[in-house]
Amino acid sequence: IVFPWRSASAIRTPGEELEILYDGNEAEVIHNLELIGPYNRVALDILDSQYGSFVYDEPSNSSVNRRIVTQIPDGTPRELYDLSIETLLKTTTSQRSVQVIDEYKTRYTLVHRTDPHVCREFIGGFGNELLYLEKIIETVNIIGPEFVICTGDAIMHYSNPDHNETYPPIDEVWSNFYDGAGGHLGMKHLDVPIFVSPGGHD
């Protein structure tokens, strides 16, 4: 699942359509599409499913091969949900990626976080910056904004070739940022949707 996923959550109201961008095998038959929250599970109907090439990032020409359209059912409770796609081959989950709200507002409360530079210091198998990021996550969850925006330099050294041999694999670095590591929280532990834009170090 490329959207909604990690750095680009979806915020929808009941009755509204949701477009899902997904990379899968053409032979895969989706037999269960579901929102899974801490308190509720909501089955989703597939309104449209197309197989082809769907560009989601024009500068890099990155694309997926499947576009799925569903609709948030009327009466879906307000909650931050995982999106689950189940086929005969596998189950793919986009964690905490769909926020269902009652209605849109004209004013919102948000938290802006920038330059966490996770894994600038990689000590003991995890980025030392998680110690600070975890405190921010805990504080944000107490404040309870509608969403969080993180504007770049989420990680460190990705674009620096001098660190390629000594630095942990990039998947591990991004996992530190999103999932946490070493018993510390990552961005996925926020109780609100997140939107992350890249910076020079990402």
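**Questions about a predicted model**

Author: Let's start with Gly183, which is exposed, with a relative accessible area of 74%. Keep in mind that this is a predicted model.

Reader: OK, so which loop is the place of Gly183?

Author: Look past the helix α2, residues 170-179, and stop before the strand β13, residues 194-197. Gly183 sits in the loop between α2 and β13.

Reader: And how many Å separate the C-alpha atoms of Gly183 and Leu131?

Author: Along the chain, these two are 52 residues apart. In space, the distance between the C-alpha atoms of Gly183 and Leu131 is 9.8 Å.

Reader: Is Ser97 buried or exposed?

Author: You'll find Ser97 in strand β8, which covers residues 91-100. Its relative accessibility is 1%, and the cut-off for buried is under 20%. Because 1% falls under that cut-off, Ser97 counts as buried.

Reader: Which residues touch Ser97, not counting those up to four places away in sequence?

Author: With those sequence neighbours left out, the list has Pro4, Trp5, Ser9 and Ala10, and it carries on with Leu80, Tyr81 and Leu83.

Reader: Which strands stand at the edges of the open sheet of five strands?

Author: Read the order across the sheet: β1-β8-β7-β3-β4, with mixed pairing. The strands at the edges each have a single partner strand, so one side of each is left without a neighbour in the sheet; they are β1 (10-12) and β4 (41-43).

Reader: By how many degrees are neighbouring strands of this sheet turned against each other on average?

Author: Ignore the direction of the strands here. Neighbouring strands are then turned against each other, on average, by 30 degrees.

Reader: Which residue stands opposite Ile30 in β7?

Author: Strand β3, residues 30-36, runs antiparallel to β7, residues 79-87, and six bridges join the two. Across from Ile30, the residue in β7 is Thr87.

Reader: Now the helix α1: how many Å does it reach from its first C-alpha to its last?

Author: α1 covers residues 130-143, so that's 14 residues at 1.5 Å a residue, with an expected span of 20 Å. The model comes close to that, reaching 20 Å.

Reader: What arc around the axis do the buried residues of α1 cover?

Author: The buried ones are Leu130, Leu133, Glu134, Ile137 and Val140. They lie on the same side of α1, because they cover an arc of only 125 degrees.

Reader: Which residues are exposed on the other side of α1?

Author: Turn away from the side with buried residues such as Leu133 and Ile137. On the other side, the exposed residues are Tyr132, Lys135, Ile142 and Ile143.

Technical notes: Residues are numbered from 1 along each chain as its sequence is written. This is a predicted model: local features need pLDDT of at least 70, side-chain atom pairs count only at pLDDT 80 or more; totals for chains, interfaces and linings use all residues. Side-chain values use heavy atoms; hydrogens and water are left out. Two strands pair if DSSP finds at least two bridges between them. Helices (H or I, at least four residues) and strands (E, at least two) are DSSP runs, numbered from the N terminus. Axes are lines fitted to C-alpha atoms, for helices over the stretch in contact, and angles run from 0 to 180 degrees between N-to-C directions. Buried means under 20% relative accessible area, exposed over 50%, partly exposed in between (1.4 Å probe, protein chains only). The arc is that of the directions from the helix axis to the C-beta atoms. Contact means heavy atoms within 4.5 Å.
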